[in-house]
Amino acid sequence: MTVVISNLQETVPVDERLASLVTRAVESALAGRMPEPRPAKTGPKPSSPMAVESALAGGAGPRVEVSVALVDDGYIHDLNRRFRGQDRPTDVLSFPMGEEEPGAGDEPGVLLLGDVVISLPAAVRQAAEYGHGLAWEVARLAVHGTLHLLGYDHERDEDARRMQEREDAVLAALEEAVLAALEEWEKRGTVPLSPGDCPPFFPSPPSPALSDSELAERALAALQNAYAPYSGFRVGAALLVPGGRVFTGCNVENASYGLTVCAERAAVVSAVAAGVREFTALAVAVEGEKTALPCGACLQVLSEFAPELRLILANGRGEFTVRTLSELLPEAFRLHRTDA
């Protein structure tokens with residue numbers, strides 16, 4: 001199980017203990033069973049209960065990954081407006097995915113359970129209102145959002161009761177860890193318990209770094225899904241972004257060749273659609289003993305977001321060389337940006 005935490009705000013300080021508490025809260029929420037299925041509803045569908053149950057049970061199946069974004073009021077307001085039609089900020093949002101990425105070789109795949117987005121300014125306000133401290137409120141929101149990823153909701157009274165019971169049970173088990181974290185923070189004097197009381201920003205601790213070799217393996221795994229019936233040239237791409245999350249893509253050919261989409265651009269579009277516009281490295285994998293460079297169009301698209309991007313070019317045996325985007329496209333086309 002992997003919990004990827006991205007701090008996307010600078011209003012409320014975040015340190016390693018808060019990040020650790022969020023991870024603990026998500027893991028505790030995932031430790032329970034899935035709710036019983038009920039008739040389909042409109043809106044985003046939760047992950048397949050059977051698939052998630054199997055993944056959470058461990059063993060040889062895919063490992064579960066949950067992403068948690070810590071944001072400010074403006075960020076979550078925009079998400080709430082675009083995806084829920086609610087033109088106001090809120091405290092927590094959940095975006096179930098249930099997307100499984102295949103593994104490579106003997107490595108299991110990854111079940112991307114979804115994203116939980118938490119507004120830390122909202123957590124500060126609610127903590128002061130409820131009188132139970134910021135740590136407890138952040139843990140509560142993390143548990144609440146994760147339960148939504150598992151399929152819990154509160155649209156009907158019966159469902160709300162079931163979700164509240166589960167949330168209370170998870171938080172009761174977390175209480176000792178939260179109290180210990182609070183005691184430590186109070187000693188350090190860094191916990192803001194009221195709105196406006198915001199000490200200097202502490203960046204989130206970096207996620208465990210993904211090696212070039214591991215990123216190349218993710219690209220090779222993505223290659224297995226390539227649709228290349230005309231050229232037979234299958235390509236996989238794995239795009240690493242800050243925080244450790246990876247977006248993958250494969251080439252998708254079309255009888256009208258001009259409509260073909262390259263693996264590199266498929267990965268970029270996936271990342272941008274998820275709200276990510278900063279890239280760290282891109283692995284591109286092809287079959288056979290040789291490696292291949294991205295095409296000119298892909299280099300231009302990549303330069304729009306990360307002109308100094310590292311490129312890991314892998315062959316079918318997982319062997320790779322490392323180049324940089326600025327080396328391959330030193331004078332990319334540029335236009336004046338009106339938002340600059």
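Hi everyone. Let me start with one term: a residue is called buried when its relative accessible area is under 20%, exposed when that area is over 50%, and partly exposed in between. Keep that in mind for Arg310, which has a relative accessible area of 32% and is therefore partly exposed. Please also remember that what you see is a predicted model.

Arg310 is a nice place to begin. Its side chain meets that of Asp212 in a salt bridge, at 2.8 Å from N to O. This pair ties together distant parts of the chain, since Arg310 belongs to strand S8 (residues 310–314) and Asp212 to helix H7 (residues 212–223), with their positions 98 residues apart. As a general reminder, side chains of opposite charge can pair when their charged atoms come close.

Now let's step back to the whole protein. The chain has 340 residues, and 43% of them count as buried. You will find ten helices and nine strands in the protein. Take the contacts between residues at least 6 apart in sequence: 67% of those join residues at least 24 apart. The accessible surface is about 17200 Å², and carbon and sulfur atoms account for 52% of it.

Back to charges for a moment. The salt bridge count comes to 13. Two more of them are worth a look, and each sits within a helix.

In helix H3 (residues 73–84), Arg81 and Asp78 are three residues apart, so about one helical turn separates them. Their side chains form a salt bridge at 2.4 Å, N to O. How accessible are these two? Arg81 is partly exposed at 41% relative accessibility, and Asp78 is partly exposed too, at 26%. Arg82 joins in as well: Asp78, Arg81 and Arg82 are linked in a salt-bridge network.

Helix H6 (residues 157–188) holds the other pair, Arg162 and Asp159, again three residues apart, or about one turn of the helix. The closest N and O atoms of this salt bridge are 3.2 Å apart. Is Asp159 buried or exposed? Asp159 has a relative accessible area of 2%, so it counts as buried. Its partner Arg162, at 26%, is partly exposed.

Next, let's turn to helix H8 (263–273) and the loop that leads into it. That loop runs between strand S6 (246–250) and H8, and Tyr257 lies in it. Tyr257 has a relative accessible area of 54%, so it is exposed. Together with Tyr227, Tyr230, Val252 and Val261, Tyr257 makes a nonpolar surface patch of about 490 Å².

Asn254 sits in that loop between S6 and H8 as well. With 29% relative accessibility, Asn254 counts as partly exposed. What does Asn254 touch, leaving aside neighbours within four places in sequence? The answer is Tyr230, Leu259 and Thr260. Asn254 and Ala228 are 26 residues apart in sequence, yet their C-alpha atoms are 8.2 Å apart in space.

Now for H8 itself. Its buried residues include Ala263, Glu264, Ala267, Val268 and Ala271. These cover an arc of only 140° around the axis, which puts them on the same side of H8. So what covers that side? Among the elements over the buried residues are strand S5 (235–240), S6, strand S7 (281–286) and helix H9 (296–305). On the face turned away from the buried side, you can see the exposed residues Val269 and Ala273. After H8 comes Gly275, with a positive phi near 90°.

For another helix, have a look at H1 (residues 16–30). H1 has 15 residues and spans 21 Å from first C-alpha to last, close to the 21 Å expected at 1.5 Å a residue. Which residues of H1 are buried? They are Leu18, Ala19, Leu21, Val22, Ala25, Val26, Ala29 and Leu30.

One last stop, towards the end of the chain. Leu328 has its place in helix H10 (residues 325–328). Not counting residues up to four places away in sequence, Leu328 touches Leu293, Leu299, Leu311 and Arg323. Leu328 and Gly296 are 32 residues apart in sequence and 9.2 Å apart in space, C-alpha to C-alpha.

If you take one picture back to the bench, let it be H8, with Ala267 among its buried residues and Val269 exposed on the face turned away from them. Thanks for listening!

Notes: Residues numbered from 1 in each chain as written. Predicted model: local features only at pLDDT ≥ 70, side-chain atom pairs only at ≥ 80, totals over all residues. Heavy atoms only, no water. Patch = residues over 30% accessible without salt bridge, like charges linked within 9 Å, V, L, I, M, F, W, Y side chains within 5 Å. Areas by Shrake-Rupley, 256 points an atom, 1.4 Å probe, with all protein chains shown as cover. Salt bridge = Lys/Arg side-chain N within 4 Å of Asp/Glu carboxyl O. Helix = DSSP H or I, 4+ residues; strand = E, 2+ residues; numbered from the N terminus. Buried < 20%, exposed > 50% of the residue type's maximum accessible area, 1.4 Å probe, protein only. Arc of directions from axis to C-beta. Contact = heavy atoms within 4.5 Å. Expected span 1.5 Å × (residues − 1).
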